[in-house]
Amino acid sequence: MKPHSYTDQEYLDFYKKLLLPRMIEERMLIGLRQGKISKWFSSWGQEGISVGTALAMNPDEYMLTMHRNLGVFTAREIPLRRLFAQFQGKAEGFTKGRDRSFHFGTNEYKIVGMISHLGSQMGVADGIALANKLQKNKEAVLVFTGDGGASQGDFHEAVNVAAVWQLPVIIIVENNQWGLSTPSSEQFRMKSFADKGIGYGIDAVSIDGNNFLEVYETVKHWAEEIRENPRPVLIECMTFRMRGHEEASGTAYYPEGLIKSWEDKDPILQFENLLKEKGILTDESIQSLRTELSEFVLSELEFADNLPKIIPDKETELKDVFAPFPNEEILPKKIETQRELRFIDAISEGLHEAMKQYPELILMGQDIAQYGGAFKVTEGFLDNYGADRVRNTPLCEAAILGAGLGLSIRGQKSMVEMQFSDFVTEGFNQIVNNLAKANYRWNQNADVVVRMPTGGGVAAGPYHSQSTEAWFTKVPGLKVVYPATPEDAKGLLLQSFADPNPVMFFEHKKLYRSLKSMVSEGFYTVPFGKARIHRKGEDLSIITYGMGVHLALETLKKHPEIDAEVIDLRTLIPWDKETVLDSVRKTGKAIVLHEDTLINGFGGEISAVISEEIFEELDAPVFRVGSMNTPVPFDAELEKQFMPDAEFEEKLLKLWKY
């Protein structure tokens, strides 16, 4: 890199940017002691990294921050009164009191804050970088992680994806040598994080994180490089955490003398000495600037202190769980163009329609390109839409799901295919803590559809046959869709892509090639939360979804004496309570059926609502039927015993005779 020269005014501006977060720190520590804030993660001694990186990046480029990056927020010139309102949980903050400190994002200032699960922001950075690359806007992305957080799988997955896809992302590892109370010697064995670059096939450097100019110039150099020639770079910034992980944890575990040895390396002190040598600062001017900034910080803090406390409002809280969506039905243009399709072909056709309807839609998944996916749903898509939009991924479920949120931040839609719904456990945190909570936390929707081939009956054993829908129906912020027919599969899938919220879309594997029905051509949607009555009846109501619909109908063929109403929920979140209750009011009896294991299955929710809301109109207890409470066995006979078929017939007859 070429040596840089700066004017006296530029040096002075740098110094003010460095000093401001330190002055805020001093006030925050006082506020913590006074009980005005509940928690504080100090960046004392690490300001050179946050301020240096923020100033080196263009202001319209995204930065994804961690605990100790206060200097990013101040260098991006977020009004302090609003930042302090965030720290105090006021409505004028960025999360309306729903999250604390730096756990927020702001598209206005191009910052995406962390969640408490370290490393999860790195996959999101990949998604933003991917959008930048696809949009050819010549923008870089910068994401922070710590030496402790880099031990997590999210770090490996995200760096690997960035390397494979050659994404323009700068990965900053703030190596402050401690993960809470655990020293680096107990975290990793390599000497430098720069050594990791070799393994991933990317550029990596190690620099003095306490040298503000070295940070600024290094990041500026690499940002310019990767804007023109997109690829990732890892920059290790060596520094030290002068205070505890957070203030309550203290620093008693530090060896004696360690803090003292780092005090002379303080980035602000080093920069002050440099500017003194250049005749730009004096002790008097330093004190004057400190007083000026301290008074400014105090006035902004007092403004935030005087803001009213939040008055809780249930309607507001519930409304913000999801991004607004009209959930309207779009009818086929021509009903007469229906033709018979298999379930799998209806899914594939729905994806084709979505790709044509939404040019910003990106498909991601293992083996979905040339191979066409584990079940061949995307066969031929690569030829039709190209490798930019149909993307094979490494085995990195967490990073790819995080990338879906990153794409959404940049205005793009995405689909992530799980080869089997069982494998979603590898990305569970991204779904339930990032995708599901983004809109509620900082008004950022996650426009991601996760396709989930699910279910048993195909002798695939305990890791390829689970019914996993109930894992997600408990999580506010997710929509859960589970079609039972080809025509609904296509329409519900297209509604999932229209909806700007994260959707878990379940597809029963056994139905893929065994079920056919008439499906309309072209683009149409089926609204969420609208059940379908497959058969009218007066004796009792069967409430089910997915494969349960077909089990119910087949069982009733064996028992023509039972005049049962069969309700297909189609979507679980939201579910059509009105249709269910109206049916049960009419019949007086209800049996809830699903393939998922009985204990804590979604049928328990439906049963509870029926019992609570129309108990006096029931002629019998609400029955529930699910699979055995064991893992799904491999052997065909064991699996047959596991499935709910036999028990459903038995309980159906018992309820009918009740």
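Me: What phi does Gly 35 take, just after H1?

Reply: This is a predicted model: local features need pLDDT of at least 70, side-chain atom pairs count only at pLDDT 80 or more, and totals for chains, interfaces and linings use all residues. Residues are numbered from 1 along each chain as its sequence is written, and side-chain values use heavy atoms, without hydrogens and water. Helices (H or I, at least four residues) and strands (E, at least two) are DSSP runs numbered from the N terminus. Just after H1, the phi of Gly 35 is positive, at about 80°.

Me: Which strands stand at the edges of the open sheet of seven strands?

Reply: The order is E12-E11-E13-E14-E16-E15-E21, with mixed pairing; strands pair if DSSP finds at least two bridges between them. Each edge strand has a single partner strand, so one side is left without a neighbour in the sheet. The edges are E12 (390-392) and E21 (571-573).

Me: Which residue of E12 is the bridge partner of Met 364?

Reply: Strands E11 (residues 361-365) and E12 run parallel and are joined by three bridges. Within E12, the partner of Met 364 is Arg 391.

Me: How are the rings of Phe 375 and Phe 420 arranged?

Reply: Aromatic rings pair if their centres lie within 6.5 Å; planes under 30 degrees apart are stacked, over 60 edge-to-face, the rest tilted. Both Phe 375 and Phe 420 are buried (under 20% relative accessible area; exposed is over 50%, partly exposed in between, with a 1.4 Å probe and protein chains only). Their centres are 5.4 Å apart and their planes at 70°, so the pair is edge-to-face.

Definitions and conventions:
Rings of Phe, Tyr and Trp (its six-membered ring) pair if their centres lie within 6.5 Å; planes under 30 degrees apart count as stacked, over 60 as edge-to-face and the rest as tilted.
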